[in-house]
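Pull up the model and let's take a walk through it. We'll stop at one helix and then at the empty spaces.

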Amino acid sequence: MADFSGADLRGSRFDRADLAGARFWATDLSGARFQGVDLSRVVMRGVDLVDVEITGEIVNVTINGVDVGPLVEAELDRRYPDRARMRPEDPAGFRAAWVILERLWDQTVARARRLPPELLDESVDGEWSFIETLRHLVFATDAWVNRAIGGDPSPWDPLGLPWDEGADRPGVPRDRAARPSLDTVLELRRRRMSTVAATLAALTDESLAAQTTPVEGPGWPEPKSYPVRQCLRIVLNEEWHHRLYAERDLTVLETQISAR
């Protein structure tokens with residue numbers, strides 16, 4: 001096992017590195033950035049968490065003896081009254097959640113259109129640009145609706161964008177250099193959102209409780225059976241969270257324009 005005791009590793013980059021089981025003692029991680037990392041079962045003792053920002057899934061996270069997950073969830077539901085509707089249990093609930101998402105995304109796209117077009121390709125703090133975010137949602141719909149539920153082994157549009165931390169897969173596009181216009185990507189989004197709406201319109205209690213048929217061939221998700229409910233919940237989750245990320249970054253871009 002490698003031993004870095006006393007080593008000066010400031011500014012080091014750990015890209016797709018396996019640090020499972022590593023031990024950090026009296027280690028300075030100030031200013032470090034973690035993105036797309038798995039921190040499951042991490043134990044921290046005697047740490048200083050000051051001016052720290054964490055965005056992600058928080059489940060069974062205990063800080064000073066308090067499980068903060070339910071506190072965070074309750075506060076987010078309070079801030080965003082529509083958020084609880086993204087956890088539907090029946091077909092009518094899924095359809096209502098999608099109507100909410102369509103309305104919210106219409107507002108966000110209208111806000112983005114007020115910016116100079118070149119800013120819609122600009123990354124904020126290393127995150128996806130606005131247009132890249134929309135491209136990722138095209139991919140998410142293709143993966144979980146067209147492939148997993150619909151059974152199409154290769155539903156991908158060339159402009160679809162998988163998540164950065166995922167491995168490259170044969171036949172699945174990942175063109176980060178592409179710079180399509182907003183209107184081009186919105187047309188893709190319109191077609192994918194119509195597909196989701198049609199899927200939800202046909203949803204019944206029986207089909208919601210069913211399992212998908214495994215889709216053979218390379219792609220994402222893996223060729224196995226998934227609960228239809230899980231697939232649709234993933235789509236709602238992707239749509240909800242990425243819109244919030246987009247709103248956050250649009251605020252930064254608007255501030256930059258105001259400061260000019």
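What follows goes from a helix to a pocket and then to a cavity.

Keep in mind that this is a predicted model. Start with helix α4, which runs over residues 182-201. Its 20 residues, at 1.5 Å each, should span 28 Å, and the end C-alpha atoms do sit 28 Å apart, so the expected and modelled lengths agree.

Now, which residues of α4 are buried? They are Leu182, Val185, Leu186, Leu188, Arg189, Arg192, Met193, Val196 and Leu200. Around the axis they take up an arc of only 155°, so they lie on the same side of α4. As for what covers them, the list includes α2 (91-113), α3 (130-147) and α6 (228-259).

Stay with α4 and look at the second largest pocket, which holds about 190 Å³ of space. Its lining is made of Glu102, Trp105, Asp106, Val109, Leu134, Leu186, Arg189, Arg190, Met193 and Ser194. Both α2 and α4 put at least two residues into that lining, with α4 giving the largest share at 5 residues. Leu186, Arg189 and Met193 turn up here as well as among the buried residues of α4. By type, the lining splits into 5 nonpolar, 1 polar and 4 charged residues.

Last stop: the closed space. The structure has 1 cavity of 30 Å³ or more, and the largest cavity comes to about 50 Å³. Around the largest cavity you'll find Arg147, Ala148, Thr212, Thr213, Val215, Pro221, Glu222, Pro223, Lys224 and Tyr226. That lining counts 5 nonpolar, 2 polar and 3 charged residues.

Notes:
Residues are numbered from 1 along each chain as its sequence is written. This is a predicted model: local features need pLDDT of at least 70, side-chain atom pairs count only at pLDDT 80 or more; totals for chains, interfaces and linings use all residues. Side-chain values use heavy atoms; hydrogens and water are left out. Helices (H or I, at least four residues) and strands (E, at least two) are DSSP runs, numbered from the N terminus. The expected span of a helix is 1.5 Å times one less than its number of residues. Buried means under 20% relative accessible area, exposed over 50%, partly exposed in between (1.4 Å probe, protein chains only). The arc is that of the directions from the helix axis to the C-beta atoms. Contact means heavy atoms within 4.5 Å. On a 1 Å grid over the protein atoms alone, a cavity is a set of points where a 1.4 Å probe fits but cannot get out, and a pocket is an open set with protein on both sides within 12 Å along at least five of seven lines; lining residues have an atom within 4 Å of a point. Grid points are joined across faces, edges and corners, and a volume is the space filled by probe spheres set on the points. Ala, Val, Leu, Ile, Met, Phe, Trp, Tyr, Cys and Pro count as nonpolar, Asp, Glu, Lys and Arg as charged, and the others, Gly among them, as polar.
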